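Hi,

Here is the structure I promised to send over. Have a look at it first, and my notes on the aromatic rings and the nonpolar cores follow below.

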Amino acid sequence: MAAEIVNPRSDSSTDQEGAEPLDSFDPAFALHRGGKMAVQATVPIRDKEDLSLAYTPGVARVCTAIAEQPELVNDYTWKSSVVAVVTDGTAVLGLGDIGPQASLPVMEGKAILFKQFGGVDAVPIALDCTDVDDIVETVVRLAPSFGGVNLEDISAPRCFEIERRLQERLDIPVFHDDQHGTAVVTLAALRNAARLSGREIGQLRAVISGAGAAGVAIARMLVEAGIGDVAVADRKGVVSADRQDLTPVKREVASFTNKAGISGSLEDALAGADVFIGVSGGTVAEAAVASMAEGAFVFAMANPNPEVHPDVAHKYAAVVATGRSDFPNQINNVLAFPGIFAGALQVRATRITEGMKIAAAEALAAVVGDELAADYVIPSPFDERVAPAVTAAVAAAARAEGVARR
């Protein structure tokens, strides 16, 4: 895939016969006309000598060598530097289950973010199936073409099983960004918020609103990072061991969270809490925010409407973050996944470990450095220091944990 994306467009075409094209009045449609990405050769085909090397007969020698030594595929094809961005279209952004075809603009966007921010080639793959077995088997069969798999916009709780089963069957990194990318960036921001306030992660009690993919992954990562305590709340209240309506995933969450034994509503859990993390949508009452501990942090990450509007959060919180680009401290996955995959691919890692994710969060937090301030606990996606820092940290962690192959 080329670093320079060529987007063929035809301004004179119409979307339906006799109808005005949508891109004549909407710049989003104008940008998407013809798609947002293309494939371009990295070698020239100028004459018959070039053709004979790039294709037959020269290509046969390379194929034969790979057949005899399969690991050579990483050196003589693009496999070791390309990621499959896979979805079934069941949980696309905030749009929900809109299907594989309607998901393609998002998957194309993800692919160009990989290239723009991490130098990683990526191919969008939208699957016309939603059964867990079908998705797993399809991806396993596609895997020989790729160095990694980024699962995207697959609804919970199916996404947990799909990721787990693919990780068990494949020897390349499989990463569900909706879970782990969000968790990495959240942890990085929280580390810096704690540093700003002179506290350690272990001194904080956090409450997460949302027990879906992102909420569960954030809870796991915060516990791995040594959070003092964390409670997760769903629509029915705090996920606790005494509830009889929990799914298997939520029962697991209850087993490693909520050491304080809090029960009741999200609002009950927020009383005296140090951190609010919103990944669920909805609205949290101002009174509940006001009941949090002095110097609290509010990470209201729902888009486009944060669970707590920053104007309200700033009345009570020392640090406020959202998922939006028009407010300071944007929790944006693009800060994590390009560098994580770049680092994993660089060392041909067999998987992405918890240690690699923690390393990514620490490297991301360190980019802020001495510039740390209440409105700057996480760097901008356009900070050119981000991807190299995350890439290096992830590669080093992969080697340290024994999952690197070079």
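Searching the whole structure turned up 4 aromatic pairs (Phe, Tyr or Trp rings, the six-membered one for Trp, with centres within 6.5 Å; planes under 30 degrees apart are stacked, over 60 edge-to-face, the rest tilted). Take Phe114 and Phe341: their ring centres are 5.4 Å apart and the planes sit at 75°, so this pair is edge-to-face. It joins distant parts of the chain, since Phe114 is in helix α5 (residues 100-118) and Phe341 in helix α14 (residues 337-346), 227 residues apart. Helices here are DSSP runs of H or I, at least four residues, numbered from the N terminus.

A caveat: this is a predicted model, so local features need pLDDT of at least 70 and side-chain atom pairs pLDDT 80 or more, while totals for chains, interfaces and linings use all residues. Numbering runs from 1 along each chain as its sequence is written, and side-chain values use heavy atoms, without hydrogens or water.

Phe114 is buried, at 0% relative accessibility (buried means under 20% relative accessible area, with a 1.4 Å probe and protein chains only). Phe341 is buried too, also at 0%. Both belong to one aromatic cluster with Phe175 and Phe337.

As for the cores (buried Ala, Val, Leu, Ile, Met, Phe, Trp, Tyr and Cys joined through side-chain atoms within 4.5 Å), the largest has 105 residues, and Ile340 is among those touching the most other members. Helix α15 (residues 354-368) gives the most to this core, 10 residues. A second, separate core has 21 residues, including Ala269 and Met292.

Cheers

Methods:
Helix = DSSP H or I, 4+ residues; strand = E, 2+ residues; numbered from the N terminus. Buried < 20%, exposed > 50% of the residue type's maximum accessible area, 1.4 Å probe, protein only.
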